[in-house]
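Here's a quick briefing to read alongside the model. Have the sequence and the 3D view open as you go.

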Amino acid sequence: MNFISRLFIFTGFAFLIFGAFLVLLRYNGAKLSFDNFVEHQYITSGVMPQKIMISSIKVELPIFPAKIKGNKWEATDKGISYLSSSPIPGSQGNSILYGHNWSALLGSLPKIKPGDKIKIILSNGQEKNFVVKYTSMVAPSNTKILSDSADSRITLYTCAGFLDSKRFVATALLKN
């Protein structure tokens with residue numbers, strides 16, 4: 001074989017290995033975590049969020065409870081994860097919901113705008129309606145967005161940026 005053929009074969013294998021690496025990164029649940037986040041425990045009544053609906057970006061997904069184990073945030077590939085140590089959506093405080101930025105999950109979240117509506121259905125049948133107040137792109141070290149609050153809000157986020165190095169965050173307040 002001549003030099004050019006060997007170069008093409010080597011380049012092809014290099015691209016295959018790099019592609020496998022990118023796929024591995026894409027499906028890594030730890031990507032959704034925030035660095036150095038301090039969890040607070042809230043007493044709940046057994047009511048849990050079950051479903052999220054965002055008509056403006058055509059999202060209707062189930063919600064699954066999740067925990068932080070060590071520094072790894074549990075994440076589901078079947079819907080949205082709800083940090084079960086945060087308040088129930090609609091209660092006072094900051095309810096934290098997150099999901100992968102895959103097209104079947106929260107891939108369209110960066111299209112959400114202030115004023116858009118988010119509906120959360122709870123396990124007891126109640127509906128909680130929220131209005132997006134603002135959106136932002138933050139680094140995983142910016143845990144301030146996850147801080148507790150005196151109002152009733154949800155913080156919904158997904159990975160964004162080059163190799164999922166950022167978080168796209170939508171903060172929504174309970175609509176009275």
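The protein chain has one helix and ten strands, where helices (H or I, at least four residues) and strands (E, at least two) are DSSP runs numbered from the N terminus. Along the sequence, the pattern goes α-β-β-β-β-β-β-β-β-β-β. Bear in mind that this is a predicted model: local features need pLDDT of at least 70, side-chain atom pairs count only at pLDDT 80 or more, and totals for chains, interfaces and linings use all residues. Residues are numbered from 1 along each chain as its sequence is written, and side-chain values use heavy atoms, with hydrogens and water left out.

**Whole chain**
- Of the 176 residues, 41% are buried, meaning under 20% relative accessible area (exposed is over 50%, partly exposed in between; 1.4 Å probe, protein chains only).
- About 9,800 Å² of the protein chain is exposed, and carbon and sulfur atoms supply 59% of that; the areas come from the Shrake-Rupley method with a 1.4 Å probe, and for residues only the protein chains shown count as cover.
- Take the contacts (heavy atoms within 4.5 Å) with a separation of 6 or more: 62% of them link residues 24 or more positions apart.

**Cores**
- The largest nonpolar core (buried Ala, Val, Leu, Ile, Met, Phe, Trp, Tyr and Cys residues joined through side-chain atoms within 4.5 Å) has 27 residues, and Ile52, Ile112, Ile118, Ile120 and Leu156 touch the most other members.
- Two or more residues of this core come from each of E1, E2, strand E5 (80-83), E7, E8, E9 and strand E10 (166-174).
- A second, separate core has eleven residues, among them Trp73, Ile96, Tyr98 and Ile145.
- Leaving aside residues up to four places away in sequence, Ile120 has neighbours including Ile52, Ile63, Leu97, Phe130 and Ile154.

**Loop residues**
- Ser149 sits in the loop between strand E8 (127-138) and strand E9 (152-160), and counts as buried because its relative accessible area is 15%.
- The Ser149 side chain makes a polar contact with the side chain of Asp151 at 2.7 Å (a pair of N or O atoms within 3.5 Å; within protein, one must be able to donate a hydrogen and the other to accept it, and residues adjacent in sequence count only if both atoms are side-chain atoms).
- Beyond four places in sequence, Ser149 touches Gln92, Gly93 and Asn94.
- His100, in the loop between strand E6 (93-98) and strand E7 (117-122), is buried at 6% relative accessible area.
- His100 and Ala160 are 60 residues apart in sequence, but 9.4 Å apart in space, C-alpha to C-alpha.
- Lys58 is in the loop between strand E1 (49-54) and strand E2 (59-66), and counts as exposed because its relative accessibility is 77%.
- The phi of Lys58 is near 55°, a positive value in a residue other than glycine. Most residues other than glycine have a negative phi.
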